[in-house]
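Work through the exercises below with the sequence and model at hand. Each task is followed by its solution.

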Amino acid sequence: MTQQVEAEGTEPAPGAGYGTSDDALEGLLDLADPQPRYKGWIDGGGVLCPIDGLAIAASRSVVDDVLRHPETFTSRDVVQLGNVRPLIPLSLDPPDHLGYRKLLDPLFAPKRMDAIEADIAARVNHFIDAVADRGGCNFTEELAVPFPSAVFLGLMGLPWEELDNFLRMKDGIIRPGGATLMEAESVDPAERKRIQDQTAQDIYDYFNAVLDERQRRPEDDILSGFLQAEVDGRRLTREDILDICFLFLIAGLDTVTDSLTCFFAFLAQHPDHRRQIAENPAVIPAAVEELLRWETPVPGVPRMATTESELAGCPVKAGTMVMVSLGAANVDPAEFAEPFEVRFDRQTNRHLGFGGGVHRCLGSHLARRELRVTLREWHRRIPEYSLKPGSELHYARGLRSVENLELIW
Ligand code: HEM
């Protein structure tokens, strides 16, 4: 991990960081114990150019530089998951992007989240009820996976009976053939694409039908909100709304699942931190921020260089894919005192768990509310728990998440 980068046939670029190209590429995917690797990336200069066409932005300053310059590092077309049009607003650059955010931000503002907090609490308690007296559960499968989708059903005014259908649509895009996109070696690529394309069509058809219904009979839900919302005198088109709904399924469900599994795996192994939450729920908002920093469940976001440029001395050609390591930036000592300690008493915590720049997470207030309410309700009812003896933690590749997290109490 400590050699200078030497892509075949090229001289190492100044500031090109360190690590073999295989180390660097593997480092983006293997998330079992990523923080020591992130430290190496930062200590090595904060930017890696392991192979022609790929750069990894790691230090906080380089990451900020990329995220704050969407004209040079675009997110246009970098995510292709069966969608037939660009994802809104993720695949749009300013100035088009701004109009959509002006419209969408108020629908996910903290005040809106205050109004649905009781509903979020009822939904998480539904899943806790099912396991509380049992003395143990598969936390991933029995709470972390279904809960965020159940919250979305509420937001969209859809009945509980739609839960399985929702989970199927989400998984058809994110886990076509049963494997995550980064673990899909086992699934034939053509079959994977077929499943994704079919699921994408199902998603468009599904939301089209619900929107027809809401057009006839508006309700107090987010889909009816989309139909009525206006920005600069313009209403969203039906395709706009479908492209937004498609992105919500990808961006708003697994991310919360992943965060919950990482948080509870950490807390199950760190009784002192767990007790701080159980004994003093007022610490929960700070604990959520600190665990988002430390775990960084969305460890990186992709960008594409639109022109020739340079990152901390590393030349970047147009067309280079830049992986922005939010996880590395979140342990940069230039930003965080004692970055390798998990401390719920940090006074300031400007973490990048929700990204940064114009594409910073639209759903951050919703995500925070889901995470806070789950920590509060779970620890109120099940304050002491641990990993099931003999169970091993298996972290998925690509997004940091614990598969089959077995807890006992
Ligand atoms: C803990 C849970 C979550 C995490 C860690 C997370 C993380 C992120 C990150 C890192 C980005 C930036 C992507 C980029 O720059 O390329 C992002 C964007 C986004 N997130 Fe989240 N997210 C979470 C939950 C949610 C939820 C619940 C929603 C539901 C509305 C959501 C909707 C979005 C959308 C629509 C974008 C794109 C924003 C834009 O392009 O302007 N996210 N999220």
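**Exercise 1.** Locate Cys361 among the secondary-structure elements, then state its role at the iron atom.

Step 1. Cys361 sits in the loop between helix 15 (326-329) and helix 16. Helices are DSSP runs of H or I with at least four residues, strands are E runs of at least two, and both are numbered from the N terminus.

Step 2. The SG atom of Cys361 lies 2.3 Å from the iron atom of the ligand and is its single donor from the protein. Donors are N, O and S atoms within 2.8 Å of the metal (3.2 Å for Na, K and Ca); water is not among the atoms, so sites may look incomplete.

The model is predicted: local features need pLDDT of at least 70, side-chain atom pairs pLDDT 80 or more, while totals for chains, interfaces and linings use all residues. Residues are numbered from 1 along each chain as its sequence is written, and side-chain values use heavy atoms, without hydrogens and water.

**Exercise 2.** Describe the shell around the ligand by class and by polar contact.

Step 1. The shell has 18 nonpolar, eight polar and two charged residues.

Step 2. Look for polar contacts (pairs of N or O atoms within 3.5 Å). A side-chain N or O atom of Arg101 is 2.7 Å from a ligand oxygen. Backbone N or O atoms also take part: one of Leu90 lies 3.4 Å from a ligand oxygen, and one of Ala251 lies 3.4 Å from a ligand nitrogen.

Step 3. Assign elements. Those giving two or more residues to the shell include helix 4 (96-104), helix 11 (238-251) and strand 7 (300-305).

How values were computed:
A polar contact is a pair of N or O atoms within 3.5 Å; within protein, one must be able to donate a hydrogen and the other to accept it, and residues adjacent in sequence count only if both atoms are side-chain atoms. Ala, Val, Leu, Ile, Met, Phe, Trp, Tyr, Cys and Pro count as nonpolar, Asp, Glu, Lys and Arg as charged, and the others, Gly among them, as polar.
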